[in-house]
Amino acid sequence: MLAVLLTLFGSLLGIAQPLVVREVIDSAGTTNVAWTTLAVLVLLFVGQAAVRAGGQFVLQRTSELVVLGIRQRLISRLLRLRMEAYHQHRVGDLMSRTSADATAVRRVISEGVTDLITGVVGLVGTVALMIWLDWLLFLIVVGMVALAAAVVGTLLAGIRSASLATQNALGSMSADLERALSAIRTVRASQAEEREDARIGRAAHDVYTAGVRMAKLRSLTSPAMELAVNGSLMVVLLVGGLRVASGESSLADLVAFLMYLTYLAMPVGSVFEAVVAVQEGSGALSRIAATERLPQERDGHPPHTGPRPREASRQGSTEPILEFRNVHFGYDREPVLRGTSFVVPRRGFVALTGSSGAGKSTIFNLVERFYPTHSGTVLFDGEDIGQQELSSYRSRIALVEQESPILHGSLRDNLLYAAPEADDQAVQRVLRMVNLDGLVARLTDGLDTAVGEHGNLLSGGERQRVVIARALLTEPDLLLLDEPTSHLDAENEAAFVAVLRAVAQECALLVIAHRFTTIRAADRVVVLQDGAVSANGDHTELLADSRFYRVIAGVDTN
């Protein structure tokens with residue numbers, strides 16, 4: 001509003017100038033030129049320049065603030081989308097909406113909305129004075145401007161579609177580049193640099209093609225505006241000169257009208273540019289609006305007025321910490337779990353095994369509430385997980401993924417990521433538990449050592465142990481581990497299995513495992529087959545009672 005008011009005030013100062021010039025010309029024919037009138041004219045010029053400069057600064061600052069607000073809102077939403085949204089959209093494309101699309105909105109604000117408001121107001125004031133001076137000449141100007149407006153109007157739909165195509169192409173290019181850079185080792189090992197270069201280059205060419213199409217349409221709007229102004233100027237000079245010569249109008253009125261005509265070019269140009277800018281930004285705006293419509297995670301019911309302490313929830317209860325009751329679930333309605341039921345006791349080590357695609361990772365997704373069940377119930381500490389407040393629920397669970405994601409930053413940053421308030425004593429304890437204390441002691445910068453992008457300065461086994469230490473530092477009630485020993489050698493695996501047994505005395509462990517060194521150490525083993533539990537017991541019992549377990553264990557080849 002301040003930018004609009006300053007711009008409007010500058011426009012008023014500009015509108016007043018032809019009237020002062022008219023007064024100077026009229027007075028010059030009868031008396032000496034009034035120097036005070038000339039001084040007023042100079043002040044009007046200087047004042048207009050100063051006010052417009054202030055208005056432009058306020059406008060640009062406001063544009064940056066609006067873009068900042070859009071980016072912050074998009075970042076907040078992108079971090080809280082439901083999991084299926086990340087599967088339906090490419091991550092690089094979602095990222096481009098906070099960068100390229102938000103930047104495109106800046107022009108809509110700085111050259112669109114405000115220029116439209118000030119242009120229309122300036123247009124109204126100028127038009128009123130032009131009608132007062134000579135309505136016939138004004139009708140001529142209206143005809144020329146209407147012709148230019150008709151030309152621009154035919155281009156707007158094309159500019160809008162070209163804008164959307166440009167922003168979509170930019171998003172695809174960003175997504176393709178993110179895909180290649182995030183798997184750069186695979187790209188290099190596969191000697192795929194040329195293929196990726198060509199593929200991303202084609203995406204860049206699509207951006208170029210869409211941009212050229214918009215530029216082609218955009219280039220036609222400037223001649224249309226020039227036609228409106230220059231054509232009007234020539235016709236007004238011709239007709240107005242004849243009217244002055246015939247005595248129907250005065251020279252002062254003609255000069256004032258011509259000045260208003262030149263001033264008319266700015267508001268007319270502002271209105272045309274604003275309309276075009278809004279159409280150019282419409283593609284970015286529609287993509288941002290589509291992002292804000294993507295569904296977010298539902299948080300369940302709010303927490304109880306007096307939430308029970310975590311330690312109290314661990315003690316004095318015989319209920320299992322986790323229970324699946326006849327759970328059915330599938331992705332895109334393709335069934336994965338078919339009536340799955342099992343329990344995880346409050347203490348102890350439960351291994352989850354079975355053939356690939358049996359639903360083991362899906363169980364972890366449901367426990368973490370990344371997806372809701374289609375039917376059946378998942379209970380945590382005796383309560384339906386869908387009825388528990390999400391953040392407090394997840395604070396009692398820790399997840400170690402098979403990919404062992406490491407974040408850019410230091411070793412300390414990664415360890416404290418889920419438990420930022422943990423003290424050094426707790427950090428040292430978990431480092432010893434996962435056998436990382438020796439590594440940290442050898443590093444020059446210790447815990448402040450940078451781990452690189454995605455932890456590429458660490459070995460696979462080191463990355464996995466860092467992720468496990470990060471999870472243990474939260475002191476969870478339930479610890480979920482997906483193939484935690486997949487990157488460990490035999491010596492470290494045996495040591496880590498001992499760690500798992502120790503951790504199982506403090507909390508519940510649910511571990512997806514295929515290596516039987518880990519499975520044999522479990523107190524109970526839940527065997528999944530085709531989305532349902534086919535057997536449940538310890539390793540010895542299952543070898544005796546379950547043929548499927550013997551098959552996956554490699555002891556029954558018939």
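**Figure 1. Overview of the predicted model.** Of the 558 residues in the chain, 45% count as buried, and the model shown here is a predicted one. Its secondary structure comes to 20 helices and 10 strands. Among the contacts in the chain with a separation of 6 or more, 77% are made by residues 24 or more positions apart. The chain exposes about 27800 Å², of which carbon and sulfur atoms supply 59%.

**Figure 2. Close-up of the largest nonpolar core, with Leu481 and its surroundings.** This core holds 51 residues, and Leu479, Leu481 and Leu509 are the members that touch the most other members. Helix 16, which spans residues 460-472, gives the core its largest share, namely 6 residues. Another core, of 30 residues, lies apart from it and has Val327, Ala358, Ile397 and Ile512 among its members. When residues up to four places away in sequence are not counted, Leu481 touches Phe364, Val400, Ile468, Phe496, Leu500, Leu509, Leu510, Val511 and Ile512. Leu509 is thus named both as a contact of Leu481 and as one of the core members that touch the most others, while Ile512, also in contact with Leu481, is listed in the other core.

**Figure 3. Close-up of Glu368, an acidic residue in a loop.** Glu368 is found in the loop between helix 11 (360-367) and strand 4 (375-380). Is this residue buried or exposed? Glu368 counts as buried because its relative accessibility is 6%, and the cut-off for buried is under 20%. Leaving aside neighbours within four places in sequence, the residues in contact with Glu368 are Arg394, Ile397, Ala398, Leu399 and Leu480. One of these contacts, Ile397, is also a member of the core of 30 residues.

**Figure 4. Close-up of the salt bridge between Asp381 and Arg396.** A search of the whole structure finds 18 salt bridges, and in the one shown here the closest N and O atoms of Asp381 and Arg396 are 2.8 Å apart. Asp381 lies in the loop between strand 4 and strand 5 (383-384), and Arg396 in the loop between helix 12 (390-394) and strand 6 (397-400), so the pair ties together parts that are 15 residues apart in sequence. Asp381 counts as buried, with a relative accessibility of 7%, and Arg396 likewise counts as buried, at 10%.

**Figure 5. Close-up of the salt bridge between Arg412 and Asp448.** The closest N and O atoms of Arg412 and Asp448 are 3.2 Å apart in this salt bridge. The pair links distant parts of the chain, 36 residues apart, since Arg412 belongs to helix 13 (residues 411-415) whereas Asp448 sits in the loop between helix 15 (437-442) and helix 16. Arg412 is partly exposed, with a relative accessible area of 27%, and Asp448 is partly exposed as well, at 48%.

**Figure 6. Close-up of the salt bridge between Arg429 and Glu475, with a separate salt-bridge network.** The side chains of Arg429 and Glu475 meet in a salt bridge, with a distance of 3.9 Å from N to O. Arg429 is in helix 14 (residues 424-433) and Glu475 is in the loop between helix 16 and strand 7 (478-482); the pair links distant parts of the chain, 46 residues apart. Arg429 is partly exposed, with a relative accessible area of 28%, and Glu475 counts as partly exposed at 42% relative accessibility. Elsewhere, Arg90, Asp176, Arg179, Glu196 and Arg199 are joined into one network by salt bridges that share partners.

Key. Residues numbered from 1 in each chain as written. Predicted model: local features only at pLDDT ≥ 70, side-chain atom pairs only at ≥ 80, totals over all residues. Heavy atoms only, no water. Helix = DSSP H or I, 4+ residues; strand = E, 2+ residues; numbered from the N terminus. Buried < 20%, exposed > 50% of the residue type's maximum accessible area, 1.4 Å probe, protein only. Contact = heavy atoms within 4.5 Å. Areas by Shrake-Rupley, 256 points an atom, 1.4 Å probe, with all protein chains shown as cover. Core = buried A, V, L, I, M, F, W, Y, C linked by side-chain atoms within 4.5 Å. Salt bridge = Lys/Arg side-chain N within 4 Å of Asp/Glu carboxyl O.
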